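Dear colleague,

I am handing over a structure for you to look at. My notes on one of its helices and on a helix that packs against another follow below it.

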Amino acid sequence: MKRYILIVLLAVAFSIPTMGQMVWNKAYQQYFDQYKDLAIEQMIRYHIPASITLAQGVLESGAGKSELTIKGNNHFGIKCHGWSGGTIYHDDDERNECFRAYKNAYDSYEDHSNFLSTSSRYSSLFQLKQTDYKGWARGLKACGYATNPRYAIQLIDIIQLYKLYEYDTAKKYDKFQEHETHVGHLLEHQVYEFNQNYYVIAKAGDTFRSIGKDVDVSYKKLAKYNEMDRDAQLEEGDYVWLQKKRRNAPKEYKNRPHIVQAGESMYTISQKYGIRLKYLYKMNDLAPDYQIQVGDALRVR
C-alpha cells in the first residue's frame with residue numbers, strides 16, 4: 001500500500017507544472033500576431049530586439065487587456081516621469097499613480113523605444129547584440145525597469161515559448177499590416193486586407209499619385225498592380241490594390257462562383273477579388289473579347 005501511495009504521489013507531482021513553467025496562451029499568441037510588425041519596425045529604427053519589445057508588451061499590458069492599455073493605450077506600463085502628454089491614473093506600487101496615455105498603440109510602442117534609447121539608465125543595453133534577448137531581459141531588470149524579481153525570467157520564458165527570438169533577425173516588416181492594425185487612422189485611406197494582399201477604396205478625385213503618396217508606394221507600381229495606366233482617373237469606390245494581384249481568389253471561393261451583376265465587367269470583378277485579369281479569363285476559358293452577361297457564373301478560384 002505504501003508503495004502504491006508513493007507512486008501516486010510521484011505521478012501527481014510530475015503532472016503539476018513547476019514554478020516558472022509557462023503554458024501556451026491563445027491571448028498571448030494573438031497579441032504577438034497583431035503587434036509583431038510594429039515591434040520589428042521599432043527594432044529596425046532603434047535596435048531594440050523585437051522579441052524584447054513583444055515580451056514586455058504582452059506582459060505589461062496583460063496581452064492588451066489591462067486597464068492601462070484599454071483606457072490609455074499604454075502597453076509598457078511607463079509612468080509619467082518627465083512626461084507632458086496625456087495621462088491616466090492607476091494603482092500600482094502605490095495608489096493612484098500617474099501613467100502615460102497615448103492616442104494609439106503605435107504611439108505607445110514609439111514612446112517605449114524613445115524611453116529606452118534616450119535614457120542613460122538603459123544605455124548599457126545598446127552595447128548588447130540585437131539577438132542577445134537574454135542579456136536584454138536581465139539588463140532591463142538590473143537597470144530597474146520593473147520591481148518584480150522574476151521579471152527577466154518571465155521575459156525569457158515568454159520569448160522562448162513563443163519563439164519570439166525569430167523576429168530579432170528580421171530585415172523588413174509588413175508595413176500595410178502595421179498601418180492597418182496600429183496607425184491606419186493616421187492615413188487618409190483605410191487599408192484593408194484580403195486574398196493575402198492589401199487594398200484601399202478610392203475617394204472622389206483620387207489618382208494613383210495621391211494614393212501612392214498616402215500609402216508610401218510608387219504610383220507607377222500601383223498602376224501596374226491594378227492593370228491601369230499610371231495617369232488614369234479613378235472612380236470613387238474603386239478598389240486599389242497595394243501589391244501585385246494574385247492568380248485566384250482565396251480557397252473558400254473554390255465552389256462559390258461569382259454571379260455577374262448589372263454594371264460589372266471582367267476588370268471590376270478581377271479588382272473585387274484581387275485577381276489578375278488574364279487569370280480570370282483563363283479560369284473561365286474565355287476569350288479576351290468575350291462580353292459577360294448579367295447572370296453569368298464565373299469561377300474565381
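Helix α3 (residues 50-61) passes helix α5 (residues 105-117) in a right-handed crossing (the near helix is turned clockwise from the far one by less than a right angle; anticlockwise would be left-handed). Their axes come within 12 Å and cross at roughly 115° (lines fitted to C-alpha atoms over the stretch in contact, with angles from 0 to 180 degrees between N-to-C directions). Thr53, Leu54 and Gln56 in α3 meet Tyr109, His112 and Leu116 in α5, contact being heavy atoms within 4.5 Å. By class, this contact has three nonpolar, three polar and no charged residues (Ala, Val, Leu, Ile, Met, Phe, Trp, Tyr, Cys and Pro are nonpolar, Asp, Glu, Lys and Arg charged, the others, Gly among them, polar).

The model is predicted: local features need pLDDT of at least 70, side-chain atom pairs pLDDT 80 or more, while totals for chains, interfaces and linings use all residues. Numbering runs from 1 along each chain as its sequence is written, and side-chain values use heavy atoms, without hydrogens and water.

The buried residues of α5 include Tyr109, His112 and Leu116 (buried is under 20% relative accessible area, with a 1.4 Å probe and protein chains only). At the start of α5, a side-chain oxygen of Asn104 comes within 3.2 Å of the backbone nitrogen of Tyr106. The 13 residues of α5 should span 18 Å at 1.5 Å a residue, and the end C-alpha atoms are 18 Å apart, which agrees (the expected span is 1.5 Å times one less than the number of residues).

Buried residues make up 42% of the 301 in the chain.

Regards

Methods
Helix = DSSP H or I, 4+ residues; strand = E, 2+ residues; numbered from the N terminus. Buried < 20%, exposed > 50% of the residue type's maximum accessible area, 1.4 Å probe, protein only. Polar contact = N/O pair within 3.5 Å; in protein donor to acceptor, adjacent residues only side chain to side chain.
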